[in-house]
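Hi,

Here is the structure I promised to pass on. Have a look at it first, and then read my notes underneath.

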Amino acid sequence: MLLHIPNVLTAEQVAECRRQLDAADWIDGRVTAGHQSAKAKDNAQLPEDSPVARQLGQMIVAVLERNPLFAAGALPLKIFPPLFNRYAGGQSFGNHVDNAIRQVRGSQGEPTQQWVRTDLSATLFLTGPDEYDGGELMIDDTYGSHSVKLPAGDLVLYPSTSLHRVQPVTRGARVASFFWIQSMVRDDGQRTLLFDLDLAIQHLGADAAGHPALVQLTGVYHNLLRRWADAS
C-alpha cells in the first residue's frame, strides 16, 4: 500500500526545519547506503549523530505519534530515528530496495543494540514541488511505477520491499526527511486489509454512530489484529 499523509508538519514547522537544515553541515549520503545501494546513490545527508538531525527527528516522531492516519496505515512498533537528505545539481538515487534491518546509532554515532526491521519506508517532503525540477520519488509495485512529489510537510508511506528511485534534480534543491518503520503487522497485504477496515469503521461511525454493525466490525478488526500482530 502506498499512502499519502498530508499536513504532517505545519508551515511553521517546515520553516523551522528548513532554517536549521540550511545552516547544518552536510556529508556524502552514501554513508548510510548498503553495498549495492551505494553504487546508485548520489546525494547529501546529515550525519546520524548530528544534533540538528536528532532534534528535528524527535519533533517529527512526536508529531507522527499523534497522527491518526499514520497510526492506521503503519501500525508502528518502532520508528527508526529520522534522517535528512538533499539532492541538487543533477544528483539522484538509482533503483534500489532498502536494507531489511537497520541498526540505531547512539548520540555519538556509536552502534547500539537497537535494531529496526524495515517494513515501511517514509519520505517527508521539506521543499515544495515549485522549488525544484525533477526529484520525483518513483515507486514500483505490481500496478506499475508511481511518481511522488508532494507539498512541503506531506509524507508518503510505502512498503520497504518496493523497488524505488529518486529522479535527478536539475534545478533548485530537494530536501526531505526519510526513515523506516517496523510495523506490528509485517505483511503489507494484511496491513492494507486492516487499514481499509479501520477507515470503513470510522466512516460508519460518523454516518451511523448507533449502528449495531459497528460493534461487530470493530471486533473483527481487533481479532484480526490480535491474530496478525507482533507487539513484542
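Below is what I found, starting with a helix and moving on to some rings.

Keep in mind that this is a predicted model.

Let's begin with helix 2, which covers residues 51–64. At 1.5 Å a residue, its 14 residues should span 20 Å, and the end C-alpha atoms are indeed 20 Å apart, so the two agree. Which of its residues are buried? They are Val52, Ala53, Leu56, Gly57, Ile60, Val61, Val63 and Leu64. Looking down the helix axis, you'll see these buried residues fall within an arc of 155 degrees, so they line one face of the helix. On the face turned away from that buried side sit Pro51 and Gln58, which are exposed.

Now for the rings. There are two aromatic pairs. In one of them, the ring centres of Phe80 and Trp180 are 5.4 Å apart and the planes are at 80 degrees, so this pair is edge-to-face. Phe80 is in the loop between strand 5 and strand 6, while Trp180 is in strand 16, so the pair ties together parts that are 100 residues apart in sequence. Phe178 and Trp180 make the other pair: with centres 5.7 Å apart and planes at 90 degrees, they are edge-to-face too. Phe80, Phe178 and Trp180 form one aromatic cluster.

Are these rings buried or exposed? Phe80 and Trp180 are both buried, and Phe178 counts as buried because its relative accessibility is 12%, under the 20% cut-off.

Finally, some charges over rings. The charged end of Arg102 sits over the Phe80 ring, 5.9 Å from its centre. Lys149 lies over the face of Tyr132, 4.4 Å from the ring centre.

Cheers

Conventions: Residues are numbered from 1 along each chain as its sequence is written. This is a predicted model: local features need pLDDT of at least 70, side-chain atom pairs count only at pLDDT 80 or more; totals for chains, interfaces and linings use all residues. Side-chain values use heavy atoms; hydrogens and water are left out. Helices (H or I, at least four residues) and strands (E, at least two) are DSSP runs, numbered from the N terminus. The expected span of a helix is 1.5 Å times one less than its number of residues. Buried means under 20% relative accessible area, exposed over 50%, partly exposed in between (1.4 Å probe, protein chains only). The arc is that of the directions from the helix axis to the C-beta atoms. Rings of Phe, Tyr and Trp (its six-membered ring) pair if their centres lie within 6.5 Å; planes under 30 degrees apart count as stacked, over 60 as edge-to-face and the rest as tilted. A charge sits over a ring if NZ of Lys or CZ of Arg is within 6 Å of the ring centre and within 35 degrees of the ring normal.
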